[in-house]
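Here are some notes for a first reading, with the charged side chains as the topic. Please keep the model open beside the text while you go through the points.

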Amino acid sequence: MQLQKNIKTIEENLSGSDCKLIIVTKTRPVEVLQEVYDLGYKTFGENRVQELVSKYEALPKDIEWHLIGHLQSNKVKYIAPFISLIHSVESFELLKEIDKQALKHNRIINCLLQVYIAKEETKFGLSEPELVEILNNITSFKNIKIVGLMGMATNTENQETVRNEFKSLKNLFDKVKNIKTENIDLTEISMGMSNDYIIAKEEGSTFVRVGSAVFA
Ligand SMILES: *Cc1c(COP(=O)(O)O)cnc(C)c1O
């Protein structure tokens with residue numbers, strides 16, 4: 001009951017926007033994911049490849065899996081057959097490997113490019129010039145599609161800092177969204193987690209990745 005109530009509250013907070021909820025299920029056991037599934041929710045986010053794959057194997061096959069955490073090139077092959085969206089692409093080399101593995105499975109894998117917006121040094125992501133460089137050099141990759149950008153705000157109580165970081169991602173998105181090619185069509189912005197998803201929605205997010213507020 002609490003689970004359903006929490007999800008409904010988040011959905012209400014997102015209503016009136018284009019923002020879609022990804023339920024972040026990392027560290028939760030398979031039984032809990034099954035419970036969420038049985039309530040009718042099928043879009044799950046995980047941050048570790050091994051955990052994602054074992055949950056994929058254990059659960060119904062109509063679940064849409066999103067990888068939201070750092071991805072190493074040598075692990076792409078494990079998720080290539082089924083992943084819906086990779087949020088955390090932050091290098092040309094990684095994209096090249098995703099393209100190669102997607103081709104093996106005769107798929108096109110949707111990707112977001114992760115941009116560095118936070119003040120913390122620990123956060124992964126591309127700078128603006130690196131982002132533009134990648135967008136200009138991927139025409140040969142036929143089995144990927146770049147559908148948007150992802151960013152993580154600084155982990156702080158200061159809402160203005162967070163809001164400004166989200167604004168900077170939205171501004172960057174607006175700058176590059178007109179780049180349209182066979183494999184680039186930027187429509188999505190993935191920003192916002194349990195503590196800041198309402199701010200993210202207000203600043204133009206289209207995917208919020210929410211874990212602890214769902215399972216509270
Ligand atoms: C864990 C995680 C989330 C969800 O965080 P909560 O604070 O639990 O909502 C979102 N995005 C990424 C990349 C994560 O690793």
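How many residues apart in helix α3 are K55 and E51?

1. This is a predicted model, and in helix α3, which covers residues 49-58, K55 and E51 stand four residues apart, so that about one helical turn separates them. Their side chains form a salt bridge, with a distance of 2.8 Å from N to O. K55 itself is buried, its relative accessible area being 4%, because buried here means under 20%.

2. As a general principle, side chains of opposite charge can pair when their charged atoms come close. A search through the whole structure gives twelve salt bridges, and the pair in helix α3 can be set beside the others described below.

3. A salt bridge also links the side chains of R163 and E202, at 2.9 Å from N to O. R163 belongs to helix α7 (residues 159-176) and E202 to helix α8 (residues 197-202), so this pair ties together parts that lie 39 residues apart in sequence. E202 is partly exposed, with a relative accessible area of 47%.

4. K177 and D174 provide a further example, since their side chains meet in a salt bridge at 3.2 Å, again given from N to O. K177 is partly exposed at a relative accessible area of 32%, and D174 is likewise partly exposed, with 28% relative accessibility.

5. Finally, please look at R163, K167, E202 and E203 together, as salt bridges with shared partners join these residues into one network.

Terms used. Residues are numbered from 1 along each chain as its sequence is written. This is a predicted model: local features need pLDDT of at least 70, side-chain atom pairs count only at pLDDT 80 or more; totals for chains, interfaces and linings use all residues. Side-chain values use heavy atoms; hydrogens and water are left out. A salt bridge is a side-chain nitrogen of Lys or Arg within 4 Å of a carboxyl oxygen of Asp or Glu. Helices (H or I, at least four residues) and strands (E, at least two) are DSSP runs, numbered from the N terminus. Buried means under 20% relative accessible area, exposed over 50%, partly exposed in between (1.4 Å probe, protein chains only).
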